[in-house]
Structure formats: C-alpha cells, structure tokens
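Colleague: Here is a model I would like to go through with you. Can we take it by question and answer?

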Amino acid sequence: MSGSHQGRNSKAVHAGLDPMQHRGAVSVPIYQCSTFMFPTAEEGAARFEGASDGLIYTRLGNPTVQALEECVASLEGGCGAIGAATGMAAIATTFLALLRQGDHVVATHPLYGPTHGLLEGRLGRLGITSTWVGAADTEAIRAAVRPETRMIYVETPANPTMDLVDLAAVAAIAREAGAPLVVDNTFAGPHLQRPIELGADVVVHSMTKSLNGHADVVAGITVARDPETLRTLRDTAKALGTTMDPHQAWLVLRGIRTLGMRVERAQANAALLAVWLESHPAVAWVRYPGLPSHPQFELALRQMDGPGSVIAFELAGGVEAGRQLMNAVRLITLAVSLGGVESLIEHPASMTHSKVAPADQLAHGITPGLVRLAVGCEDVEDLRADLEHAFAALEIGAAAASR
Ligand SMILES: *Cc1c(COP(=O)(O)O)cnc(C)c1O
C-alpha cells in the first residue's frame, strides 16, 4: 500500500500496516521474539552480509518495530526511521552517529534539559563542542557556523519558552555549511509540523509524547531524509543497542492511529485557554504560538499547521504563586511530560530544566516563575474551572501573606 500521496490522518491509520503480510491482521501483531530462524545456512549468511533483508535478531530489526518505523517515516516525509528505546536514546544515537572528536555543533537554546546536558557534558568530554544561540535568532545561527561545524541542532517550538526556529531559513544555512540540520519535532509532532518538507535532514522524536499520547510508554524515533544518513544512524543504533522493543512499538502504533484527533482536540482546548489566561489578572504574560502576542506569530502560521497544545505562562505573583498554583489544581495533573490525553502542569526552573545552571536558565528565557501547561483532551470548561479555582486559592494565599 503506497501512501505518499495520502493525507496525514490516512497515513496515521494505514502507513506501515499491510495486513496481507500478517495473515490479514488489521492491527500489526506483536512479534514478541528475540531471534528469527534462517531457512538455510546460505540465507543466514546472506542476511548477515546484507544481501538479503530477511530478519536476524530483534536488536537489528523486528516486524512490529519496522511497521512503526514505516508509519512515522511516512508521516514525517522521510526515507526511513529507526525506533529507539526512549527519546533520549534517539537523540544520543543521532549525536554519536553523526559527530566525532573535534566536531562543532550549533545548538539553539532553550533545548530539552537532558539534551542540553548531553551536548554540554558527555559530548563535551568527547571533544565535541557546542555554540548556543537563541532559537529565534536566525542571523546568530548563521554567524555561529564554523568550518568544523558538523550539525545544527534545533527544537521548535522550544521547550519551555515556545520560541520558534525558522526551519526553512536554518535549513538553507545548514545546506550552505554542509552540515545536517537535526530537528527535535517532539513538541509539534508530524501532524502539525514536518521539518523534512522544510529542508531538515534528520528529525528526532520523543514518542513518549504526542505520537503515543497516552502516558503509558517511553519511546523515541529518528527519521532521515536520505538513505545514506539512515544507514549511518541505523548502524549506530544497532551497535549501541538503543533500539526498540516490539511490545513498546505496538503500543505506540496503537496511539498513532488517533494522532490527528487527539492533537486537534488538545490544540482547540489550548487555544481557548491561552486567550483566557492572557486576559486573567493573575497572569503576567502568556507565550503560545497561536496568540498574536507571540513575537513569531507569523512564522507559526507559515511553518506549522497549528500552534499545538503547550502553553507557557508567568504568574503575576512569580515563583511562589506558581508553586501554589501547581499545588492547587485538581483535574490538571502536576507532572512532567506533554502531548498526552491528560493535561499536565509543571515548573521548568525546578523540574525539567533544573539541571540547567540558573544563569543559563535566565539567558535561555526560563524565568523563575514560568509555568508550563501541556493541555490534554478533557472538556475545556473543566480545565478552565480547575485553573479558576486554583487562581482563587492564590488570591486567598496572597491576602493571607499581606495581612
Ligand atoms: C520528552 C522529550 C525528550 C526526551 O524523550 P524521552 O522519551 O523522555 O527520553 C526529548 N525532547 C523533547 C522536546 C521532549 O519533550
């Protein structure tokens, strides 16, 4: 079933699934199996040589994992994909596959906290250096490129500030530099943003978030634009053993089938809440790509099919008010992560980005009072009522403090 011309909802339902390859099964079976029989010694040798693409061993390839890889590659418009145990496994594999000692990376800030840590710490120790530039500053990205630059690594919308990277412009800079553009597309996901269509070379995902969408799996994936990069990435994933388990792949495939519906529902909720929050007296400011107040609102319209479901906001009462708000919500859950059917709230400075040094946090726009709200698929009236009740608790707290 060739589906490159299909719409993204059809791809989410059908890509990677050919029932005739699985005795007619309409859901890809879980090949819960570590190793595969060779019909003959000659065929076994051919598989190891690469002359046959038959199965060998699950770390090297598994039909359930392959179905998921085909599905996500199709959604992202890549030539193929490599499933990974977690999002960080996908990201680490990408770095170790494409970089070597002496190489230089231009990375935008802010990034997902552990990705920042990986580049600064472990890769730094291996002699790979990074220059950090603001996500929104395309000219600074261009200026940071050096002869030894071997990768431009970006996240857009950025976590947690919701700054955007102009993907088409940065892809042109990367092409000129002869360095691949790698995009962490976790926040928007392929339903809302397809970086490869805009010129990116590699897309990485934490499928823990919207692709799976049900807060019951951790998983990652790397998608490549061209077969040569795909081969390099796959060889590294096999060597490091960062590959994925078949049961995990099956769960993510099950989640992906409803990607469009979930993403659009959560986004509709987020759009309403963002407008409401922006007009609320307890809120100092709101950052959401769907609001005209977002400094890159025009870019969001240009490169995304929708602003997504994550809202960043700062309370008028700063850190203390944020702490109280997170303790006062009842329906919205105090937990990290995003992109699931449930709404989650967290405090980046003390939680997801706590390993980023305080000075770097400020430089990267992670203010002490910043709250990240990942909106889910509940009824928006209930989400608003929950926040309203929590804001009322803040006022009582503030009145008690001033007495
Ligand atoms: C969660 C996340 C990751 C890491 O993914 P894991 O599945 O938790 O390893 C990477 N990048 C972004 C933007 C994320 O939100």
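Colleague: How far apart do the C-alpha centres of domain 1 and domain 2 lie?

Modeller: Bear in mind that this is a predicted model. The domain assignment gives domain 1 as 2-30 + 61-256 and domain 2 as 260-402. Their contact takes 37 residues from domain 1 and 36 residues from domain 2. Between the C-alpha centres of the two domains the distance is 25 Å.

Colleague: Which helix gives the most residues to the largest nonpolar core?

Modeller: That core has 33 residues, and L68, V72, M207, V223, M244, V252 and I256 touch the most other members. At least two residues each come from α3 (63-76), β7 (220-224), α9 (246-256), α10 (259-278) and α11 (297-303). With seven residues, the top contributor is α3.

Colleague: Where does this core lie with respect to domain 1 and domain 2?

Modeller: Look at who supplies the residues. Domain 1 (2-30 + 61-256) and domain 2 (260-402) both contribute, so the core lies between them.

Colleague: And how many residues are in the other core, the one apart from it?

Modeller: This second core includes L277, A282, A321 and F391. Its count is 29 residues.

Colleague: Back to M244. Which residues is it in contact with, leaving aside neighbours within four places in sequence?

Modeller: M244 is among the core members that touch the most others. Two of its contacts, L68 and M207, are on that list too. The full set for M244 is T58, V65, L68, G83, A84, A85, M207, A219, G220 and A249.

Colleague: How many disulfides does the structure hold?

Modeller: Take C79, which is partly exposed at 39% relative accessibility. Its closest cysteine sulfur is in C71, 16 Å away, so the pair is too far apart for a bond. For C377 the nearest cysteine sulfur, again that of C71, is 18 Å away. The disulfide count is zero.

Colleague: In what order do the strands of the seven-strand sheet run?

Modeller: The edge strands are β1 (80-84) and β3 (129-134), each pairing on one side only. Neighbouring strands are turned by 20° against each other on average, direction ignored. The sheet is open, with mixed pairing, and its order is β1-β7-β6-β5-β4-β2-β3.

Colleague: Which residue of β6 stands opposite V182?

Modeller: Strand β5 (residues 181-184) pairs with strand β6 (residues 202-206) in the parallel sense, over three bridges. Helix α7 (residues 167-177) lies across β4 (149-155) and β5, at about 150° to β5. Opposite V182 stands V202.

Colleague: Is V105 buried or exposed?

Modeller: V105 lies in strand β2 (residues 104-109). Beyond its neighbours within four places in sequence, its contacts include L99, L119, I128, M151 and Y153. The cut-off for buried is under 20% relative accessible area. V105 has 0% relative accessibility, so it counts as buried.

Colleague: Now the five-strand sheet. Which are its edge strands?

Modeller: This sheet is open and mixed, in the order β8-β9-β12-β11-β10. Each edge strand pairs on one side only. The edges are β8 (283-287) and β10 (333-334).

Colleague: At what angle to β9 does helix α12 run?

Modeller: Two helices can be referred to β9 (310-315). α10 lies across β8, β9 and β12 (370-374), at about 15° to β9. Helix α12 (residues 318-328) lies across β9, β10, β11 and β12. Its angle to β9 is about 125°.

Colleague: Which loop holds P157?

Modeller: A cis peptide bond joins T156 and P157, with omega about -5°. The bond from N159 to P160 is cis as well, with omega near 5°. P160 lies between β4 and α7. P157 is likewise in the loop between β4 and α7.

Colleague: What is the phi of S337?

Modeller: S337 lies in the loop between β10 and β11. It is partly exposed, with a relative accessible area of 22%. Its phi is positive in a residue other than glycine, near 100°.

Colleague: And R23: what is its relative accessible area?

Modeller: R23 also has a positive phi, near 55°. It sits in the loop between α1 (8-14) and α2 (41-49). R23 is exposed, at 86%.

Notes
Residues numbered from 1 in each chain as written. Predicted model: local features only at pLDDT ≥ 70, side-chain atom pairs only at ≥ 80, totals over all residues. Heavy atoms only, no water. Core = buried A, V, L, I, M, F, W, Y, C linked by side-chain atoms within 4.5 Å. Buried < 20%, exposed > 50% of the residue type's maximum accessible area, 1.4 Å probe, protein only. Helix = DSSP H or I, 4+ residues; strand = E, 2+ residues; numbered from the N terminus. Domains from an automatic or database assignment. Contact = heavy atoms within 4.5 Å. Disulfide = S-S within 2.5 Å. Pairing = 2+ DSSP bridges. Axes fitted to C-alpha atoms, helices over the stretch in contact; angles between N-to-C directions.
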